[in-house]
Amino acid sequence: MLKRNFTEEQVMFRDAYRKFLHEEIAPYMEGWREAGIVDRQAFRKAGEMGFLMVWPEEQYGGLGDDDFRFEQIIIEENQYALTGDWYTTLHSRLVGPYLKRFGTEEQLQRFLPDCVRGDTILAIAMTEPDAGSDLAGMRATAIDQGDHYLLNGSKTFISNGINADLVIVAAKTDPVNNPRQIGLFLVERGMEGFERGRNLKKMGKKAQDTAELFFNNVRIPKANVLGDPTRGFSHLMEALAEERLIAATEFIAAAQKAFDLTLEFVRERKMFGRSLADFQNSQFKLAELRAELDMQQVYIDHCVAAVNEGSLTAVDAAKAKLVTSELLCKVVDEGVQLHGGSGYMDEYPISRMYTDARVTRIYAGTSEVMKILISRDFLQQDFKPFVDRL
Ligand SMILES: Cc1cc2nc3c(=O)[nH]c(=O)nc-3n(C[C@H](O)[C@H](O)[C@H](O)COP(=O)(O)OP(=O)(O)OC[C@H]3O[C@@H](n4cnc5c(N)ncnc54)[C@H](O)[C@@H]3O)c2cc1C
């Protein structure tokens, strides 16, 4: 029997967040999907209620509680409420922590309180038209000019790209002598030479804005360099375990929701004088999915405990990202099939979940890249049979 582990405070937090989503977010989702972007007021509302960033210390406006389970609750509730493309986790737990990890005290004081309030929206820009999985192929450069860096290049597929007020941009800082050396730069809305391109039209996740960004001779003051401008790659690596867990937490929650929608549907749908749930095919399909969902949820909750105690490895998190995204795609596919023609209709949530799910095997590192990382890990170690690892 699956037993989950949340504190009393977190259970109350879940209730309050669920109510917030129901009242302040869900009613507006349809309009935001049509517009292709979330109204930035939603970030402010979440900020006012303390739902945007829990982890920053009180002096920056947060609760000062780093327990990942608060974010797990936010991620899960968004999936259960079908508000997943209002993706605040990108702002609050994916990009925000870069400020904490590598920011100076001056940067924390300058940026963090506005991020907690929802006045400043965050994004991170690594991907370029010719550099996705192969980040080392990036062409953007930031060249030291003494009192500032000069940033040139373009980025694509950037989530929050239109809404963002502060973008962490990765760029090469010594392209001639050391092409693998990158730095991270805090690019602010309104900086001269920083332009936004199209809000890209996507297969799914319609309310989440995804954009191209352009940088033409943008002067980045030294005060906006994040961390060590020669160690950007290792800064990005440090965050990988938690970033992959964020993804896996979302995918398993979405899969749980897709299962529930399908189970509800097959119980209601009548044909040949009985319910669709009475057919052995429906039962076997759903039984397989139920078993996989329960197994994977245990692994995810285990990873959450590990990240809280600082022991989650990037490889274990890659396993979580890989299998949850593959399972989600399987659940939504079987879900559409069991819905029949209704499953292809936009008015049935399973239809949207199907298109939303497809990207999960691509972003945050593709399934193929996850497999490379996992296999590299066991190939690099001396062979030790499982029985000897007990
Ligand atoms: C909706 C959306 C939002 C995104 N948000 C952001 C964001 O906020 N910030 C950001 O920086 N990026 C973002 N991305 C970019 C995302 O991280 C990349 O799309 C992803 O890393 C894949 O890179 P690519 O698109 O260049 O594909 P490619 O890297 O070109 O991959 C193409 C195919 O090649 C395969 N492949 C790659 N390397 C290997 C290999 N070594 N061996 C075998 N096969 C391989 C891949 O698995 C894939 O199947 C977003 C993307 C999407 C779709």
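The domain assignment splits the protein chain into domain 1 (8-120), domain 2 (123-230) and domain 3 (239-385). The model is predicted. Two topics stand out below: the contact between domain 1 and domain 3, and the surroundings of the ligand.

**Domain 1 against domain 3**

- The C-alpha centres of domain 1 and domain 3 are 24 Å apart.
- Domain 1 brings 18 residues to the contact, and domain 3 brings 20 residues.
- About 1,700 Å² is buried between domain 1 and domain 3. Carbon and sulfur atoms give 59% of that area.

**Polar links across the interface**

- Two salt bridges are found across the interface of domain 1 and domain 3.
- R93 and E242 form a salt bridge through their side chains, with 2.7 Å from N to O. By the domain bounds, R93 falls in domain 1 (8-120) and E242 in domain 3 (239-385).
- Seven residue pairs are in polar contact between domain 1 and domain 3, counting pairs with both residues at pLDDT 80 or more.

**The domain 1 side of the contact**

- Three helices each supply at least two residues of the side of domain 1 that touches domain 3: helix 2 (29-35), helix 4 (68-80) and helix 5 (88-102).
- Helix 4 gives the largest share of this side, with seven residues.
- By residue class, the side of domain 1 that touches domain 3 has seven nonpolar, three polar and eight charged residues.

**R352 and its partners**

- R352 sits in helix 11, which covers residues 349-357.
- The side chains of R352 and E30 are joined by a polar contact of 3.0 Å.
- Leaving out residues up to four places away in sequence, R352 touches E30, R33 and D346.
- E30 and R33 fall within the bounds of helix 2 (29-35). R352 and D346 fall within domain 3 (239-385).

**Around the ligand**

- There are 16 residues around the ligand. T127, S133, F157, T366 and E368 come nearest.
- S133 has a polar side-chain atom 2.5 Å from an oxygen atom of the ligand.
- T366 places a polar side-chain atom 2.7 Å from an oxygen atom of the ligand.
- F157 uses its backbone: a polar backbone atom lies 2.8 Å from a nitrogen atom of the ligand.
- By the domain bounds, T127, S133 and F157 belong to domain 2 (123-230), whereas T366 and E368 belong to domain 3 (239-385).

Conventions: Residues numbered from 1 in each chain as written. Predicted model: local features only at pLDDT ≥ 70, side-chain atom pairs only at ≥ 80, totals over all residues. Heavy atoms only, no water. Domains from an automatic or database assignment. Contact = heavy atoms within 4.5 Å. Buried area = accessible area lost by both parts, 1.4 Å probe. Salt bridge = Lys/Arg side-chain N within 4 Å of Asp/Glu carboxyl O. Polar contact = N/O pair within 3.5 Å; in protein donor to acceptor, adjacent residues only side chain to side chain. Helix = DSSP H or I, 4+ residues; strand = E, 2+ residues; numbered from the N terminus. Nonpolar A, V, L, I, M, F, W, Y, C, P; charged D, E, K, R; others polar. Near = heavy atom within 4 Å.
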